[in-house]
Amino acid sequence: MKHIQIGFILFASFVLLPFFIKAQTTAENETDTIDKVKQDTLVQVAFREVAKSNLLGGVSVVDVEDLMNKNYHTYSLENMEGYIGGWNGNLLWGMDDRLVLIDGVPRDADNVLPSEIEDITFLKGASAVVLYGSRAAKGVIYITTKRGKAQPLQVNVRVNTGFHVSKSYPKYLNSAEYMTLYNEALVNDGRDPLYSQEDIYNHASGSNPYRYPNVDFYSSDYLQKAYNRTDILTELVGGNERAQYYTNIGYYRQGDFLNFGEAANNYDERLNVRGNVDVKLNDFIDAYINANATFYTSRGINYTDSDPDDDENVDNYWTYAASMRPNRIAPLVPLSYIDGNALSALSLVNNSSNIIDGKYFLAGTQVDNKNVFADSYAGGYNKWKNRQFQFDTGIDFDLQNFLQGLSFHTQFAVDYATSFTSAYENEYAVYIPRWYNYNGDDVIGELEKEGNDEKSGNPDFSDENYRQTIAFSGWFDYSTTVNNNHNISAVLVATGYQQAESGVYHNTANANLGLQLSYNFKNKYYTDLAGAIVHSAKFAEGNRNAFSPSVTLGWRMGQENFLSNSSVIDDLILSVSGSVLHTDMSIDGHYEYAGSFNQSDGAWWGWYDGAAERSTNAIQGENEDLTFIKRKELSANLRTSLWKNTINADASFFMNSMEGMVTQPMGLYPNYFFTYYPEASFVPNVNYNNDQRMGIDFSVNYNKDLGDVDLTLGVSGTYYTTEATRRDDTNYEYDYQKRQGKAVDGIWGLESAGFFQNQSDIDNSPTQTFGGTVKPGDIKYVDQNNDNVIDSRDEVFLGKGGWYGNPFTLGVNVTAKWDNLTFFVLGTGYFGAYAMKDDNYHWVYGDRKYSEVVRGRWTEETKGSATYPRLTTQSGSNNFRNSDFWLYSTDRFNIAKVQITYDIPKSLLQNIFFKELSAYVSGSNLLTISPERETLEMEVTNAPQTRFYNLGVKAVF
Amino acid sequence: MKNIIKILVLLFLVTGCQDVFTPEIENIRGLDAMHQEPTYAQGILANAYILLPYSNSPNSDLATDDAVTNDFENDYLSMATGSWSSDNNPTSQWQGRRNAIQYLNIFLANADDVVWAKDEVIRTMFNDRLKGEAYGLRALQMYHLLLSHGGWTEDGRLLGVPIVTEPEDKDSEFNVPRNTFQECVEQIMADIDKALELLPLDYGDVSDSEVPQKYQELGVTNASDYNRVNGNHMRGRISGRIVEAVRSQVALLAASPSYTDGTEMTWEDAANYAAIVLDRINGVSGMDDDGWTWFANTGEIDGLGSGVTPAEIIWRSDISQSNDLETDNFPPSQYGNGRVNPTQNLVDAFPMANGYPINHPSSNFDASSPYDNRDPRLTNYIVINESTQGPNDAVVVTGTYGDNEDAINRESGLSTRTGYYLRKLLRSDCNPNPEYDTEQKHYTARIRYTEIFLAYAEAANEAWGPTGTGGNGYSAYDVIGALRQRAGVGNGNGDPYLDEVAGSKDQMRELIRNERRLELCFENHRFWDLRRWNVELNKLNETALGMQIAETGGGKEYETIDVEPRMYKDYMYHGPIPYQEILKWDNLEQNAGWN
């Protein structure tokens with residue numbers, strides 16, 4: 001809580017700052033209204049800004065401020081693959097992690113809204129991130145927020161409102177069909193049907209849905225068609241030559257699909273205030289202060305935990321929607337069904353504190369004595385609150401008095417994030433109705449109570465977390481030009497940060513020293529040498545430092561005589577880089593090198609009915625040689641501009657090898673060197689696994705004036721392959737099982753060969769040993785090793801999972817401007833990856849809810865056309881396991897965004913107080929084009945995917 | 001401005017640089033810390049206790065003809081129905097037992113260097129006891145390795161597991177062949193001898209004059225010194241008596257039909273080792289009258305003093321307050337999950353109260369009222385249709401006419417699949433209803449005298465015939481008669497069936513095996529007993545049966561139904577060596593049939 005106070009004070013004093021500055025300075029600068037020419041040619045890279053034309057590859061940039069004028073979006077990294085190559089949706093160049101820096105400090109990408117961002121630099125290449133050290137070794141996303149300008153106060157206001165409309169719902173079978181097919185499944189298992197025809201008829205007829213339920217989670221009784229999201233944003237920008245300020249105040253709130261009980265009040269909201277001030281203190285010292293506060297609140301209801309033994313599972317409406325069968329219970333039953341003479345039932349239910357709408361009681365059975373509907377009516381609600389305070393400050397010294405071109409910069413940041421949940425958790429009783437039929441009418445003659453009503457007066461607090469980040473950087477920057485030809489620059493950096501999190505003993509930390517030396521001759525021949533001494537406390541003394549070097553050579557061919565007169569080529573620059581980065585990312589703990597024993601985490605055992613002691617366990621074997629993981633990389637980049645900037649293109653080739661990833665190679669030691677309980681191991685951590693990645697990325701932009709229409713077309717993409725170049729494969733007997741040599745994101749499973757059509761088919765095939773009796777209608781598998789047994793040894797590589805980005809990612813964006821009308825379309829495509837239809841919508845067995853897919857089940861009659869194995873009430877362990885039967889391609893092309901923007905002509909605004917005014921309508925996630933569209937658009941156990949239709953207005957005062 | 005920089009740098013330093021330059025101190029310790037710190041050293045030994053191979057609930061029974069489970073995801077269910085393989089083996093002991101042995105070897109290699117107490121004599125006594133425990137536990141862990149992994153190779157040799165008696169580290173040679181079964185038995189016997197030399201028979205406070213001779217000779221005159229090491233407060237740890245019982249188990253295994261050709265152990269040895277245990281309680285006369293309902297003797301359990309064992313129990317776990325077993329196994333109407341469902345096969349194995357098997361001409365068994373006049377153990381171990389269960393003695397209807405989830409196959413995952421629910425091991429005074437959540441005291445019976453009685457009967461019958469005593473003062477006949485009598489079988493008529501079979505070793509063998517099945521049901525014995533006996537494959541693969549009871553106009557209709565097949569192959573008499581280990585170490589030889 002103390003952090004919050006500090007945050008508030010810092011913050012409050014800060015937000016007011018712009019007004020003082022304004023008060024002081026407007027007088028002296030009344031005429032200073034010239035917009036600073038936007039230096040769109042300067043790109044933020046590690047610890048400096050570089051003219052875009054001098055970039056040497058492995059770096060892409062997106063001008064978010066400009067993008068927001070035609071594409072209003074709400075998440076900072078949303079669809080960035082639509083504009084640049086090398087970013088495949090969440091990661092860079094297919095690597096398995098990345099570092100997000102906001103204004104140079106490690107922060108969360110979702111805690112800055114696009115409206116607060118000026119631009120985002122994607123530092124993909126090893127050569128581009130070397131100065132950031134160990135934690136940055138897998139790429140950096142550098143988000144630069146907007147800053148003040150030397151101009152009179154300008155106020156920007158933006159208001160949006162829109163609706164999320166669900167794309168599709170899973171299709172589950174109704175009660176009658178479920179019961180009929182469940183009976184079929186029972187018969188398949190050699191058992192008698194459970195539901196009588198009369199029962200099924202009653203559920204089907206719907207004449208009394210309270211006695212014979214048919215619950216549809218996706219009906220309008222429980223869900224609304226759309227929910228609203230509204231945001232409002234105000235920016236204050238201004239300043240003078242000495243001081244510039246920027247303030248951004250935003251708020252949004254969005255609802256939820258659920259529209260019954262307490263859940264109808266669910267919402268998420270966020271309030272943020274961000275601001276910064278740049279001050280020129282004297283001729284050689286500039287300083288800035290940045291601050292940001294964000295307040296999130298999310299209100300939801302308390303859901304019954306379906307499996308208290310499992311800490312991992314999280315229940316919500318959508319998980320229950322995917323599992324609760326339609327015929328089980330009617331959650332609400334009208335009081336009017338209770339027999340007027342059933343006095344004990346009436347007195348029982350009248351004591352309930354949960355009579356809904358004055359006419360329903362909460363119903364259940366002994367087995368289903370809680371349900372998600374009653375949770376919403378009677379279980380209480382909770383609020384999750386998250387508050388983030390971010391504060392950073394820096395000073396820039398111009399040291400030209402010592403040396404022309406030399407400057408020193410320093411930055412210091414402190415961030416706090418805290419979150420907690422406060423919940424009003426209520427217990428409730430449900431009533432089990434006993435139905436009777438009097439003269440053809442269903443009545444309830446008896447009620448039995450299960451559980452008790454208990455209202456909680458005080459909120460329970462839980463999930464309290466905090467995180468603190470401290471970051472510090474200091475760097476010298478030197479640049480000079482000698483004889484007009486020799487451009488020399490150098491950067492010397494010391495930087496470090498650490499993050500402390502509640503419940504995590506060790507801090508995440510990074511410390512390194514970096515030096516970059518750049519030289520180019522006439523902006524034609526470039527060399528760039530960079531190196532960093534990285535330090536990690538995770539290794540044994542002696543292994544804690546490593547040197548990461550990088551060399552880049554560039555050649556601006558466009559300036560050579562043979563091209564400089566070309567009518568086609570305006571510019572062409574080619575660069576090649578080689579780097580070796582050292583990182584301790586993905587090494588979880590400290591002391592992983594130490595051979596160690598430990599009793600403080602040991603398991604307890606007891607004797608004498610009370611005496612107890614703890615085990616002393618081996619934690620890991622010793623390996624003092626444990627050291628950094630290396631990213632060795634070779635990359636080449638080509639950038640060109642053709643036909644007088646009609647076409648701009650940027651393409652990279654990369655090949656990198658992550659070497660010495662840490663594992664415990666179980667293949668080298670007996671299995672008893674390791675136990676789950678007590679959690680213990682004699683096996684050392686070893687730098688063992690190697691991964692190789694190779695690929696290309698590109699982005700091409702085409703600009704053309706077609707008469708009145710100004711057209712821009714952009715195409716970008718990333719294609720890459722991976723190979724596990726070293727693995728401990730001792731555990732695999734057959735070559736086709738070996739992981740080495742295969743893609744690192746492989747999906748492994750059996751190869752299917754249709755359904756068994758009859759018993760003799762089964763008898764004449766290899767034995768399938770997954771438990772349970774194999775019957776006709778079960779999936780038949782291919783015996784890869786010809787040992788006449790089908791088991792896990794017959795699993796083969798089925799395809800790439802695309803876990804680090806799809807093998808091929810494509811983005812297409814089109815902007816057409818016609819007078820004041822701007823039309824924008826964004827498409828994204830993802831190709832080459834596969835997934836398994838293994839959720840409980842597709843894997844239906846035991847007591848799972850039945851979905852539409854089971855209609856294609858195998859039966860004796862449909863054996864020729866069946867698309868689904870025979871139904872079973874047992875575990876179906878032969879059929880429901882990874883195999884190509886369930887594999888599907890996730891290839892798709894999305895129309896991610898369409899927006900039409902109308903800028904009210906300035907001529908119309910002259911006499912009113914707006915400087916600019918524009919309005920826009922947009923649609924997001926409109927269309928998915930894919931053979932597997934239905935599967936890709938459907939969410940099982942999660943809230944539905946939505947299309948988002950938005951209407952917005954932006955005004956500048 | 002310079003000041004600001006100073007402040008900033010200072011702030012950064014003051015807020016700490018943990019884990020930036022050097023790692024925050026963690027309590028990382030080495031092995032040698034054990035020498036100066038007895039608690040830390042005992043923690044090494046503790047692993048062998050934590051990893052003991054005893055379960056408080058029926059597991060392997062679910063893969064036999066005695067029971068099925070209504071949890072279709074259960075590993076033993078898959079195993080019984082065709083998935084048992086060398087890389088999918090829920091009965092594997094390789095990892096747990098050998099891990100325990102590794103800790104025991106570390107312990108034994110270091111124990112002499114540990115300063116257990118400042119006083120040298122007390123230190124010696126501690127060292128004796130703790131090493132005795134370690135030897136005893138190593139023998140026990142080894143026994144369970146033999147049980148689960150010992151077997152015949154393709155070329156007809158009976159192998160055990162690699163004998164490892166020294167600590168291993170990352171540089172050790174792991175590619176070692178399995179020792180023979182006989183060598184393993186010898187190793188176990190050697191460990192047992194050492195353990196018996198070092199351990200007291202029982203832990204308990206003694207008076208000055210009762211201090212063992214060997215310690216008196218070292219100068220221990222004050223009983224409190226001895227009691228500090230071996231007194232009451234050590235009860236529950238492995239003792240000489242327990243080690244003797246383990247020796248009896250090992251001997252019975254090695255003498256059994258599936259192993260006898262590869263070992264030097266005889267039935268006579270097995271009987272005599274059992275007799276050593278039984279003679280400690282004066283043989284048959286020491287048999288606990290209530291031992292057959294040990295789990296339900298609530299007064300006895302609730303009144304147990306710390307570490308005290310009831311007369312039936314040789315070794316038990318600590319007492320715990322819980323209702324986990326009841327939550328798992330009570331019928332659904334009693335808020336349980338109905339997990340373990342006893343089979344009709346087992347129900348049929350219970351004789352009539354008059355002692356005759358139900359298919360015997362003299363049994364008076366009436367198929368239309370199949371539960372009448374049966375062995376009292378039937379209803380004490382199994383919840384049958386219309387019997388009661390739970391704290392309120394609610395009637396449980398498993399027949400198809402029942403109006404709640406207790407009815408057979410009514411609710412998947414809750415209802416019984418066989419028409420029976422488990423009663424054994426459970427306490428009916430527990431209430432898993434979440435509204436009450438009543439828990440009671442339970443303990444796990446690790447080794448019971450009944451098991452050793454049955455081991456004696458089995459071995460004595462083979463060695464000396466049904467009525468031979470081999471000089472032990474009691475015969476197989478005596479033991480089985482006493483077991484049946486205490487359960488109330490043949491009490492009214494002098495158990496004529498027992499006399500009928502006493503004339504034939506073969507018939508007596510069948511009776512002993514059946515008694516063992518009944519007495520030890522749901523205690524994880526039968527799976528290995530069937531294999532130890534080398535029963536016919538069709539016996540291993542006896543389909544698990546259930547009883548479906550319908551109500552027809554006042555009467556009841558009983559129909560036996562098939563519930564679940566058993567799908568074992570002809571080589572599945574011995575468990576496999578783990579597949580991955582075979583791949584890693586080519587000197588490890590697999591048991592015949594497995595790959």
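**Exercise 1. A small sheet in chain A**

How many bridges join S3(A) to strand S6 (residues 117–123) of chain A, and in which sense do the two strands run? Place the pair in its sheet.

*Solution.* The model is predicted.
- Step 1. S3(A) and S6(A) are joined by four bridges. They run antiparallel.
- Step 2. Pick out one facing pair. Val62(A) stands opposite Ile120(A), a residue of S6(A).
- Step 3. Widen the view. The sheet is open and has five strands, in the order S3-S6-S7-S4-S5 of chain A. Its pairing is mixed.
- Step 4. Find the edges. Strand S3 (59–62) and strand S5 (105–106) of chain A each pair on one side only, and these are the edge strands.

**Exercise 2. Long pairings**

Which strands of chain A pair with S15(A) over 17 bridges? Name a facing pair for each.

*Solution.*
- Step 1. Take strand S12 (residues 285–301) of chain A. It pairs with strand S15 (residues 381–398) of chain A over 17 bridges, in the antiparallel sense.
- Step 2. In this pairing, Ile285(A) faces Phe397(A) of S15(A).
- Step 3. Now take strand S16 (residues 406–423) of chain A. S15(A) pairs with S16(A) in the antiparallel sense too, over 17 bridges.
- Step 4. Here Asn382(A) stands opposite Ala423(A) in S16(A).
- Step 5. Keep a general point in mind while looking at such strands. In a regular strand, side chains alternate between the two faces of the sheet.

**Exercise 3. The interface**

How many residues of chain A are in contact with chain B? Describe the surface they share.

*Solution.*
- Step 1. Count both sides. Chain A brings 91 residues into contact with 92 residues of chain B.
- Step 2. Give the area. About 7,600 Å² is buried between the two chains, and carbon and sulfur atoms give 55% of this.
- Step 3. Name the top contributors. Tyr608(A), Asp609(A) and Tyr672(A) supply 10% of the area that chain A buries against chain B, more than any other three residues.
- Step 4. Turn to charge. The rule finds five salt bridges across the interface of chain A and chain B. In one salt bridge, the side chains of Arg328(A) and Glu411(B) meet at 2.7 Å, N to O.
- Step 5. Add the polar contacts. There are 40 such residue pairs across the interface, with both residues at pLDDT 80 or more.
- Step 6. Look for the leading element. On the side of chain A that touches chain B, strand S26 (residues 604–607) of chain A gives the most, with four residues.
- Step 7. Sort that side by residue type. It divides into 42 nonpolar, 36 polar and 13 charged residues.

**Exercise 4. Backbone details**

Which peptide bond is cis, with omega near -5°? Then locate Trp93(A) and give its phi.

*Solution.*
- Step 1. The cis bond runs from Tyr677(A) to Pro678(A).
- Step 2. Pro678(A) lies in the loop between strand S31 (674–675) and strand S32 (680–681) of chain A.
- Step 3. Trp93(A) sits in the loop between helix H3 (64–67) and strand S4 (99–102) of chain A.
- Step 4. Its phi is near 50°, a positive value in a residue other than glycine.

**Exercise 5. One residue and its contacts**

Where is Phe547(A), and which residues beyond four places in sequence is Phe547(A) in contact with?

*Solution.*
- Step 1. Phe547(A) belongs to strand S23 (residues 545–556) of chain A.
- Step 2. Set aside neighbours within four places in sequence. Phe547(A) then contacts Gly531(A), Ala532(A), Ile533(A), Val580(A) and His582(A).

**Exercise 6. Confidence**

Where does pLDDT fall below 50 in chain A? Treat chain B likewise.

*Solution.*
- Step 1. Chain A has an average pLDDT of 91, and 96% of its residues score at least 70.
- Step 2. The pLDDT is below 50 over residues 13–40 of chain A.
- Step 3. For chain B the mean pLDDT is 94, with 96% of residues at 70 or more.
- Step 4. In chain B, pLDDT stays under 50 over residues 7–15.

Note on methods: Residues are numbered from 1 along each chain as its sequence is written. Chains are lettered from A and ligands numbered from 1 in the order in which they are written. Side-chain values use heavy atoms; hydrogens and water are left out. Contact means heavy atoms within 4.5 Å. Buried area is the accessible area (1.4 Å probe) that two parts lose on being put together, summed over both. A salt bridge is a side-chain nitrogen of Lys or Arg within 4 Å of a carboxyl oxygen of Asp or Glu. A polar contact is a pair of N or O atoms within 3.5 Å; within protein, one must be able to donate a hydrogen and the other to accept it, and residues adjacent in sequence count only if both atoms are side-chain atoms. Ala, Val, Leu, Ile, Met, Phe, Trp, Tyr, Cys and Pro count as nonpolar, Asp, Glu, Lys and Arg as charged, and the others, Gly among them, as polar. Two strands pair if DSSP finds at least two bridges between them. pLDDT is the predictor's confidence in each residue, from 0 to 100.
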